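Please open the structure in your viewer and keep the selection tool at hand. The tour below proceeds stop by stop, stating at each one what to select and what is found there.

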Amino acid sequence: MWFFARDPIRDFPYELSPELPEGGGAPGPGLWALHRGKKKATGNAVSVFVYEAKPGDEEQTLVAKAAFKRLKTLRHPNILAYLDGLETDKCLHVVTEPVTPLGTYLKLKAETGGLSELEISWGLHQIVKALSFLVSDCNLIHNNVCTAAVFVDRAGEWKLGGLDYMYSAQGDNGEPPRKGIPDLERYDPPEMTDTSSRSLGEKWSADMWRLGCLIWEVFNGPLSWASSLRSLGKIPKSLVPHYCELVGANPRVRPSPSRFLQNCRAPGGFMNNSFVETNLFLEEIQIKEPAEKQKFFQELSKNLDSFPEDFCRHKILPQLLTAFEYGSAGAVILTPLFKVGKFLSAEEYQQKIIPVVVKMFSSTDRAMRIRLLQQMEQFIQYLNEPTVNTQIFPHVVHGFLDTNPAIREQTVKSMLLLAPKLNEQNLNVELMKHFARLQAKDDQGPIRCNTTVCLGKIGPYLSASTRHRVLTSAFSRATRDPFAPSRAAGVLGFAATHNLYSMNDCALKILPVLCTLTVDPEKTVRDQAFKAIRSFLAKLESVSEDPAQLEEMEKDVHRASSPRPGASAASWAGWAVTGVSSLTYKLIRANPTTPDSAPASNALPRPLPQGPLTAAPVPAPAAAPAQQEGEPQREDWTLSEREQRSRRAGSPSQKSSEADWSSWETEGSWDQGWQESRPQKLPEGTKLASEYNWGGTETSEKADPFSSLAPRLTANTQRNSDSWSTEACGDWGTLESESRQAKAELARKKREERKREVEARRAERKAAKGPMKLGARKLD
C-alpha cells in the first residue's frame, strides 16, 4: 500500500494574501515577509510572518527559528501576540493578531495630519513597558529596538516584535548574537564598538539607546546616520530632557525602563495626559471598585472627542459593552457609548449598540430611562419599525405614568422621534390615550404645554380620522388651560396644523375658540390669537372670492398620514420642545410637592421670526415688572388674576376637564375622551348668530362654498351651546340682572364701538401708507 505525504502548507488553516508593499519583518524584507491573512474556518483577520530558508543562510535560519520560539513562549500585552505557527525545513509561518508595521502606519497617518502627541505618548509608554518586562522580569535584552520592530494593531496600540536577536542578560550566553544586516548597525550604541567600555553599562543601557533612536524616528522620520541623533528636530520640549538621557554617551547615565516611565509621568511630563490615564485605568478596570468605575465613565465622555477614532472603536467600546453586560455601571455608560457609536458604520451599530439599547429600555432604573430618552436622537435612525413597536414603545409608554415629572416630560418629547416609526395601533390609539390624560389631568403646566406642542408636530403622522377627531378638541382644550404657555401652544397648534382642517371646521369650530382668547389676561396670548384669526379668515376669504380654491385648500384634510411633518409645524414645535423643556425642572425645584404650581412663568423661550404660522414667545404675566438690562432672568412662578380666581373657586376649569375625561379611563373611548362638554338646550328666546343681519351684501350668483354652513350652523348651535355659553360666561362673567332687551342693546353698542375702533385703525394705516401685514386684506 502506498502512502502519500501530506503537504503542511496546503493544510495550513490560514489563507494568505499578497505580501505587504514594505515587507514588515523586524530586520526587513530580507528575513521576514509580512502578509495579511484570514482564518479559513471563521474568516477572522490575522497577520502572517513568513520566513523562507535559502541555501547558505543557515545562520539566519537559526536566528529566525529562535525568534519563532521566543514569540511563542513570551506573553505580554505589549508584545506581539502569537496565535499559531508552522515550522518546516523550508519555511516558517508565524500567525499573530492583525497588525501594521509602525513605519507604514506613520506614513498612512501623515496623509491625514499625522499622529497626535497623545497617540505617540501612549505608544511609547507601551514599548517601554514591554522593555521593562523583558529586562526586569525575564532578564532578557531585546537588542533590536527600532521602527521595524514595532507594530500597530487596529486599536492603535503599539506592540513590540522583532525578537530575532534577543539574548539573555546573564550567564555564558550573555554575548549578543551577530546580526549580519548592515542597516541595523546604525541603531547600536557607541559602546558596542568598544569592548572595554561595554561592561561599564547596565543591562538595559543598549536597549535604552535604541529606544532613543526609536523616539527620534517617530518624530523625524527614518534614521540614516547615528550622528543625526544630536539634532532634536520635532521632538516635543517636554520629552527632550528624557530623550537626551537615552542617547547620552555614558551608558551608566541612561535610565532603566521603569525610571524612564516615572520621569515621563511626572507633572508636566510627556506621558502625563488624559489619554495615558484612561488607558492605564482600562488595563486595571477589572480590579477597580464600583465607585471608581462610575467616576471614570462619568469623566470619559468629555475626553472622547480628543481620542483617536480607532482607539474608541476597538478599545473603549468593548470595555463599555463589557461594563454594561457584566458590571454595574448603569446609566453612566450611555453618554460615552453613544459618542463612540458615531464612529461605527450602520451595520456595526446594529450589531453592537442596538441590542444594548433595546435591553436598556426594559430597565427599571430611572436614571437610565431618562438618559435614554434624552439621547434618543443619537440612535433613533438605527432603529427599525418592528423593533420600535414591539420592544421599545411598550417600555417607553410607562414613562407617561411615572410619578417623576422629568421622566413624563422626556417621554412626551421622545414621541417626536418615535412617531414616524409607530404603527397604526400604537400611534393613533395608545399614544393618543396617554396624550389625552396628560393634557387634561397632569398637574405640571409645562408637561401639559409640551403635550400640546408634541401633538401639533406629530399631527401629520396621524390618520385622517384621528386628526379629525383629536386635533380640534385637543387644541381647544389647551386654550382653556390655566397655564399661559399652554394656551399659547393651543393657538399655535391650530396655526401649525391649519392645512389639516376643512373650511367648515375653520368657521364653526376653530374661529369661535380663537375669538374667546382675544380677551385673554395675557397679552401675548391675545396677540397670537389675533394672528391666527387673521390667518384663518384670510383662507376663508380666499375661498369665498374664488370657490375653485376650496379643493386646493382642503387637499390635506383627508390625506393619509404624512411621512414627515410640514415646515410650519417643525418650526413652531421647536420653541416649546426645546425652550420649555427646562420649565418642568424649574418647577420641581421651586415647588417639589405642590400640584399645578406653575400656571404662569416669567421664563421665556427663544423667540422665532414672526408670521401667521410661526411660533411666538411664551406669554409672560401681564403685570410682571420689566427687568433691568443685565439682570438675570427670573424663574419665579406667579398667578394671573384669572388663575387666582380659578384657584379660589376650586379650579372649576380644571375639574371640568377631569370630569370630561373620566369616562376614558373606564371605557377607553376616544369619542368620549376628546369631545367637548355635553350639549344643553338653549334658553328660550335666544337668537342664533345666523339670524342676525351683519350688514353683509346680498348673496352672489356665483356658487358659494359656504352655503352649506347655514343649515349646519342652525343644527349644530344647540349641540355646542354649552361649550360656548359656559366657557364665555364662565370666563368673562354674566349679566344675570339685565333683561334680554338690555343685553341686546348692550351688544349693539359694543358692535358699533368696535366698528368705530376698526375704522379708526384702518384710517391710521392708510395715512401711514406702510406695508400691510401678511394675511391682511386691504379694504376700500
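**The hairpin and its surroundings**

Begin by selecting strands E4 and E5, which form a hairpin with three residues between them. The model on display is predicted. E4 covers residues 82–87, and five bridges join this strand to E5 in an antiparallel arrangement. To see one of these pairings, pick Asp-84, whose bridge partner in E5 is Val-95.

Next, add strand E3, residues 45–52, to the selection. E3 pairs with E5 as well, again in the antiparallel sense, over six bridges. Display Phe-49 here: this residue stands opposite Val-94 of E5.

Now reduce the selection to E5 itself, residues 91–96. Is this strand buried or exposed? Six of its six residues are buried, so E5 is largely enclosed by the rest of the structure. In a regular strand, the side chains alternate between the two faces of the sheet. Show the side chains of E5 to follow their directions: Cys-91, His-93 and Val-95 point one way, while Leu-92, Val-94 and Thr-96 point the other way. The residues of both sets are all buried.

**Two asparagines with positive phi**

Move on to Asn-139, in the loop between helix H3 (117–137) and strand E7 (140–141). Its phi is positive, about 55 degrees, although the residue is not a glycine. The relative accessibility of Asn-139 is 17%, and the residue therefore counts as buried, the cut-off being under 20%.

Continue to Asn-143, which lies in the loop between E7 and strand E8 (150–153). Asn-143 is likewise not a glycine, yet it has a positive phi of about 70 degrees. Because its relative accessibility is 2%, Asn-143 also counts as buried.

**The whole chain**

Finally, select the entire protein chain and colour it by secondary structure. The chain contains 31 helices and 10 strands. Of its 780 residues, 47% are buried. Switch on a surface representation: the accessible surface of the chain comes to about 39500 Å², and carbon and sulfur atoms account for 52% of it.

If the viewer can draw a contact map, use it for the last stop. Among contacts in the chain with a separation of 6 or more, 69% are between residues 24 or more positions apart.

Technical notes
Residues numbered from 1 in each chain as written. Predicted model: local features only at pLDDT ≥ 70, side-chain atom pairs only at ≥ 80, totals over all residues. Heavy atoms only, no water. Buried < 20%, exposed > 50% of the residue type's maximum accessible area, 1.4 Å probe, protein only. Helix = DSSP H or I, 4+ residues; strand = E, 2+ residues; numbered from the N terminus. Pairing = 2+ DSSP bridges. Contact = heavy atoms within 4.5 Å. Areas by Shrake-Rupley, 256 points an atom, 1.4 Å probe, with all protein chains shown as cover.
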